[in-house]
Amino acid sequence: MVVSQEVGVQIGVLGTGMVGRGLATKLAEAGHAVCLGSRTANNEAATKWAAGIQRATHGTFADAAAFGELVINATPGAASIAALTQAGVDHLAGKVLLDVANALDFSRGYPRLFVCNDDSLGEQIQRAFPAAKVVKALNTLNAELMLNPGGLGTTDHALFVAGDDPAAKAKVKELLRSFGWTQIHDVGGIGGARGMEMMVIAWLGVMNAVGSAMFNWKVVTKA
Ligand SMILES: NC(=O)c1ccc[n+]([C@@H]2O[C@H](COP(=O)([O-])OP(=O)(O)OC[C@H]3O[C@@H](n4cnc5c(N)ncnc54)[C@H](OP(=O)(O)O)[C@@H]3O)[C@@H](O)[C@H]2O)c1
């Protein structure tokens, strides 16, 4: 599967929110066939989305996961295991599972993570679906920018990937490069998701400080 060059790669996107629909649109426009998944077969947002886009279909989480050679988890972190369970363990087995979700919990009136430090959502997903090849990416920045890194006037800013399977990470990196990403930092196995997910708390603080969600991290090393 050469995701950036081969038109017709089938991708299942789980999640009909801003992130899922944004990724699904970008991928369909790039020539991939995309199935957008929801809890229900006739989700209004998914139906509307698929009606306006070529190579687009929609269905349940299970339909989308069965369709995808590569599957994307774009559901709220607290619901991700449930959504992926609905998608079906067999439909995820052996596939690259790109996890963009964050472990955010606003139930106490301030942003916190429901898992952090010595575990992460990415690892929870990998443990729950051991035959899937989970790759964490794209959770460290705004939904609009993830699709259009040039939106900041430069692509010299950072993305991170973590995952245990090198070939799966290579496929995800290739997909990200096809979006225009040039600074992709591989932070190791799926345990690297801990740091990536904890960045979201700092991200929210920076967003408040700069008054915009259109910013990103940059890694500067000594020349
Ligand atoms: N917003 C950003 O800029 C941004 C950036 C990076 C990462 N993220 C992360 O990306 C993920 C998606 O964000 P979003 O704002 O697009 O998501 P969202 O709108 O909150 O999620 C909607 C999707 O989650 C499903 N869902 C909700 N509750 C569920 C439950 N209890 N069980 C199963 N499925 C459930 C919905 O199913 P139905 O289709 O059936 O309604 C829908 O498909 C989140 O984890 C977020 O933290 C967001």
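## Close-up views of a predicted model

**View 1. Strand β3 is a mostly covered strand.** Of the 5 residues in strand β3 (residues 56-60), 4 are buried. This picture, like the others here, shows a predicted model. Strand β3 has a parallel partner: β2 (residues 33-38) pairs with β3 over 5 bridges. To find one of these links, look for S38, whose bridge partner in β3 is T60.

**View 2. The whole chain, before we go closer.** Let us step back for a moment. The chain is built with 9 helices and 10 strands. Along the principal axes, its C-alpha atoms fill a box of roughly 45 × 35 × 35 Å. How does the radius of gyration fit a compact globule? A compact globule of 223 residues would have a value near 17 Å, and the chain has 16 Å, so the two agree. Buried residues account for 43% of the 223 residues. Among contacts with a separation of 6 or more, 71% join residues that are 24 or more positions apart.

**View 3. The largest nonpolar core holds 56 residues.** Within this core, V13, L14, L36 and A137 are the residues that touch the most other members. Helix α1 gives the largest share of the core, 5 residues. As a general point, nonpolar side chains tend to be buried together in soluble globular proteins. L36 is a good residue to centre on in this view. Which residues is L36 in contact with, once its neighbours within four places in sequence are left aside? They are V13, T16, G20, R21, A24, A46, W49, A50, A56, H58 and A64. V13, as noted above, is itself one of the core residues that touch the most other members.

**View 4. The shell around the ligand has 24 residues.** The residues that come nearest to the ligand are G17, S38, R39, A101 and N102. You have already met S38, the bridge partner of T60 in β3. Which helices each supply at least two residues of the shell? They are α1 (18-29) and α4 (77-87), and α4 gives the largest share, with 4 residues. By type, the shell divides into 11 nonpolar residues, 12 polar and 1 charged.

**View 5. Helix α6 is mostly covered.** This helix spans residues 121-128, and 6 of its 8 residues are buried. Those buried residues are L121, G122, E123, Q124, I125 and Q126. What covers them? The elements include two helices, α4 and α9 (193-210), along with the strands β5 (96-99), β8 (133-137) and β9 (158-163). Helix α4 may look familiar, since α4 also contributes to the shell around the ligand.

**View 6. V96 sits in strand β5.** Here we zoom in on one residue of that strand. Is V96 buried or exposed? V96 has 26 other C-beta atoms within 10 Å, and 20 or more make a residue buried, so V96 counts as buried. Not counting residues up to four places away in sequence, V96 touches L70, K133, V135, A168, K171 and V172. For a sense of scale, V96 and S38 are 58 residues apart along the chain, and their C-alpha atoms are separated by 19 Å.

**View 7. Two residues that are not glycines have a positive phi.** R55 has a phi of about 60 degrees, and N117 has a positive phi of about 60 degrees too. Where do they lie? R55 is in the loop between α2 (44-51) and β3, whereas N117 is in the loop between β7 (112-113) and α6. Their surroundings can be read from the neighbour counts. R55 has 19 other C-beta atoms within 10 Å and is therefore partly exposed. N117 has 8 C-beta neighbours inside 10 Å, so N117 counts as exposed.

**View 8. G151 is found in a loop.** The loop in question runs between α7 (143-147) and β9. With 15 C-beta neighbours inside 10 Å, G151 is classed as partly exposed. Which residues does G151 touch, not counting those up to four places away in sequence? G151 touches E144, L145 and M214. G151 and V19 lie 132 residues apart in sequence, and from C-alpha to C-alpha they are 16 Å apart in space.

Note on methods
Residues are numbered from 1 along each chain as its sequence is written. This is a predicted model: local features need pLDDT of at least 70, side-chain atom pairs count only at pLDDT 80 or more; totals for chains, interfaces and linings use all residues. A residue is near a molecule or strand if its C-beta atom, placed from the backbone, lies within 6 Å of it. Ala, Val, Leu, Ile, Met, Phe, Trp, Tyr, Cys and Pro count as nonpolar, Asp, Glu, Lys and Arg as charged, and the others, Gly among them, as polar. A residue is buried if 20 or more other C-beta atoms lie within 10 Å of its own, exposed if 12 or fewer, and partly exposed in between; C-beta atoms are placed from the backbone. Two residues are in contact if their C-beta atoms, placed from the backbone, lie within 7 Å. The radius of gyration is taken over C-alpha atoms; the globule rule is 2.2 Å times the number of residues to the power 0.38. A nonpolar core is a set of buried Ala, Val, Leu, Ile, Met, Phe, Trp, Tyr and Cys residues joined through C-beta atoms within 7 Å. Two strands pair if DSSP finds at least two bridges between them.
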